[in-house]
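Dear colleague,

Please find below the structure that I promised to pass on, followed by notes on what turned up when it was examined.

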Amino acid sequence: MKKDYFQHKAENYEQDKNRVNTVGNIAKAVLKVLKLDKTMQIMDFGSGTGLLLEKIAPFVDRITAIDISSSMNKMLDDKRDNLGCELEILEIDLAKARLDQKFDGIISSMTMHHIEDIQKMFNNFHTMLNDNGVIAIADLDIEDGSFHTEDTGIFHFGFDREMFLDTAKKAGFKNLNISSACTAVRADAEYQIFILTGNK
Ligand SMILES: C[S@@+](CC[C@H](N)C(=O)[O-])C[C@H]1O[C@@H](n2cnc3c(N)ncnc32)[C@H](O)[C@@H]1O
């Protein structure tokens, strides 16, 4: 069984006001770039405690939350009754598991840097989307490694935007665009976050 890197973080995850604020701003960026409607089935990859998906839920029909961490999934499950859409939580490692479901959109916040082979993950995303399905993937620009103060299973200290976009292109995504989403502000540093959008 894979280690739950977030076991000791989950309960206090939303006590960090800077984090809540950052993911709130990512959600605003997602809502700005995606045309959502109440018929749509969305997947949130690396959903955590649901900070992103709770802002998206009122605008879609159903969200499938995918996260490997049972402690993070438990925090999300506690929010279920107050979300604005149907919620399915799948506790799987999407870097390994195969999922035969198809979605109209895939969103993700701050999870791709936990994935070793991002080409394989973009290929998976492409397979899991219906025709014209959309992606909105937010993550860190290249940083110096100081963003994470403890080991939560990090494979990338952020991404070069051109490389990230090119990886999505190689997976078959079209109409790709990458732009600044927001800044993660800490007491002693700031980190830039981008959002990549495109469609199948
Ligand atoms: C930094 S947290 C982000 C959570 C949430 N999206 C947010 O922005 O607050 C990354 C999440 O991705 C999950 N995760 C990392 N690798 C994963 C994998 N291979 N499959 C599924 N979930 C994964 C972690 O368990 C964690 O909950």
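Phe173 is buried, with a relative accessible area of 4%, where buried stands for under 20% relative accessible area, exposed for over 50% and partly exposed for what lies in between (1.4 Å probe, protein chains only). Please bear in mind that this is a predicted model, in which local features need pLDDT of at least 70 and side-chain atom pairs count only at pLDDT 80 or more, while totals for chains, interfaces and linings use all residues. Residues are numbered from 1 along each chain as its sequence is written, and side-chain values use heavy atoms, with hydrogens and water left out.

A search of the whole structure gives eight aromatic pairs, a pair being two rings of Phe, Tyr or Trp (its six-membered ring) with centres within 6.5 Å, called stacked if the planes are under 30 degrees apart, edge-to-face if over 60 and tilted for the rest. One of these is formed by Phe122 and Phe173, which meet edge-to-face at 6.4 Å centre to centre with 75 degrees between the planes. Phe122 belongs to helix H4 (residues 118-127) and Phe173 to the loop between helix H5 (161-170) and strand S6 (174-185), so this pair ties together parts that lie 51 residues apart in sequence; helices (H or I, at least four residues) and strands (E, at least two) are DSSP runs numbered from the N terminus. Phe122 is buried too, at a relative accessible area of 0%.

For Phe147 and Tyr191, the ring centres are 5.0 Å apart and the planes stand at 85 degrees, so this pair is also edge-to-face. Phe147 sits in the loop between strand S5 (129-140) and H5, and Tyr191 in strand S7 (residues 190-199), so that distant parts of the chain, 44 residues apart, are linked. Both Phe147 and Tyr191 are buried. Arg186 lies over the face of Phe147, 4.3 Å from the ring centre, and the charged end of Arg19 is placed over the ring of Tyr13, at 3.9 Å from its centre; the criterion is that NZ of Lys or CZ of Arg is within 6 Å of the ring centre and within 35 degrees of the ring normal. One aromatic cluster is made up of Phe45, Phe122, Phe125, Phe159, Phe164, Phe173 and Phe194.

Two threonines also deserve a note. Thr49 is found in the loop between strand S1 (41-45) and helix H2 (53-56) and is buried at a relative accessible area of 1%. Its side chain is joined to that of Glu14 by a polar contact of 2.6 Å, a term for a pair of N or O atoms within 3.5 Å, of which, within protein, one must be able to donate a hydrogen and the other to accept it, with residues adjacent in sequence counted only if both atoms are side-chain atoms. Thr49 and Met75 are 26 residues apart in sequence, yet 5.2 Å apart in space, C-alpha to C-alpha. Thr64, in strand S2 (residues 62-66), counts as buried at 1% relative accessibility. Setting aside neighbours within four places in sequence, Thr64 is in contact (heavy atoms within 4.5 Å) with residues including Ile42, Asp44, Glu88 and Phe103.

As for the chain as a whole, there are five helices and seven strands, and buried residues make up 52% of the 200 residues.

With best wishes
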